[in-house]
Amino acid sequence: MTTKKKPVSKPKQAKSKVRKKPVANSKKVAPKKTNKKTSTNKKANPKKIVSNPSDFESFAKTFTPYRPNKTEKYMNKSQQKHFISILNSWKQALESEQEKTEQLIQQDQSNFPDSLDRAAKEEEFMLELRKRERERKLILKIDLSLKDIEDDLYGYCETCGIEIGIKRLEARPTATQCIDCKTVDEIKEKQQFG
Ligand SMILES: [Zn+2]
């Protein structure tokens with residue numbers, strides 16, 4: 001055989017932090033028109049960037065709140081649609097975030113540097129693992145909420161059956177309890193473990 005065996009050891013890579021900078025949205029340079037503005041041309045609508053989708057508060061800014069009219073029924077089809085779309089786009093954001101987290105974890109596993117900054121690296125690694133866990137749990141919750149919508153259970157407190165309310169759901173789309181039951185449960189928990 002004439003095949004040469006490749007050297008096993010990989011060339012030492014220059015430790016490169018592949019932390020991607022958020023790509024700045026290339027702003028479309030709209031030619032300035034001198035004529036009157038049309039109503040379809042909405043300006044001052046900057047693309048909202050979600051910095052951290054595991055924190056719903058930052059994500060909540062990316063959608064328009066639902067405005068029910070006075071006669072419509074709670075959790076009718078169009079309200080359900082509204083929440084399906086929120087839940088789905090939140091899930092998507094989380095999933096792509098999760099991919100990034102996964103990549104960081106892989107990198108850390110394959111590329112443990114010299115012992116000097118090992119401690120720091122290990123801590124970073126732990127944080128990434130925790131982040132992945134949090135993202136995973138959130139995605140599971142979102143899936144449960146989507147299932148609830150399918151079953152017409154979404155939006156009602158699982159403890160007392162009352163309407164959770166659009167506002168609360170928009171602040172917390174995976175909520176399964178009304179604010180009162182949630183509060184009571186939290187107090188009970190504190191008494192038990194605190
Ligand atoms: Zn309740």
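Isoleucine 86 is in contact with Phe63 and Pro173, leaving aside its neighbours within four places in sequence; contact here asks for C-beta atoms, placed from the backbone, within 7 Å. Keep in mind that this is a predicted model: local features need pLDDT of at least 70, side-chain atom pairs count only at pLDDT 80 or more, and totals for chains, interfaces and linings use all residues. Residues are numbered from 1 along each chain as its sequence is written.

**Around isoleucine 86**
- Helix α2 holds isoleucine 86; helices are DSSP runs of H or I with at least four residues, numbered from the N terminus.
- Isoleucine 86 counts as buried because 21 other C-beta atoms lie within 10 Å, the cut-off being 20 or more.
- Glutamate 170 is 84 residues away from isoleucine 86 in sequence, yet their C-alpha atoms are 8.5 Å apart.

**The nonpolar core**
- The largest nonpolar core (buried Ala, Val, Leu, Ile, Met, Phe, Trp, Tyr and Cys joined through C-beta atoms within 7 Å) has 14 residues, and Ile86 and Trp90 are among those with the most contacts inside it.
- Helix α2 (77-110) and helix α3 (118-150) each supply at least two residues of this core, with α2 giving the most, five.
- This core lies between domain 1 (72-152) and domain 2 (155-194), because both give residues to it; the domain bounds come from an automatic or database assignment.
- Tryptophan 90 touches Pro53, Phe56, Phe59, Ile142 and Pro173, not counting residues up to four places away in sequence.

**Confidence**
- Mean pLDDT (the predictor's confidence in each residue, from 0 to 100) is 79 for the protein, and 70% of its residues reach 70 or more.
- Over residues 10-18 the pLDDT is below 50.

Note on methods
Two residues are in contact if their C-beta atoms, placed from the backbone, lie within 7 Å. A residue is buried if 20 or more other C-beta atoms lie within 10 Å of its own, exposed if 12 or fewer, and partly exposed in between; C-beta atoms are placed from the backbone.
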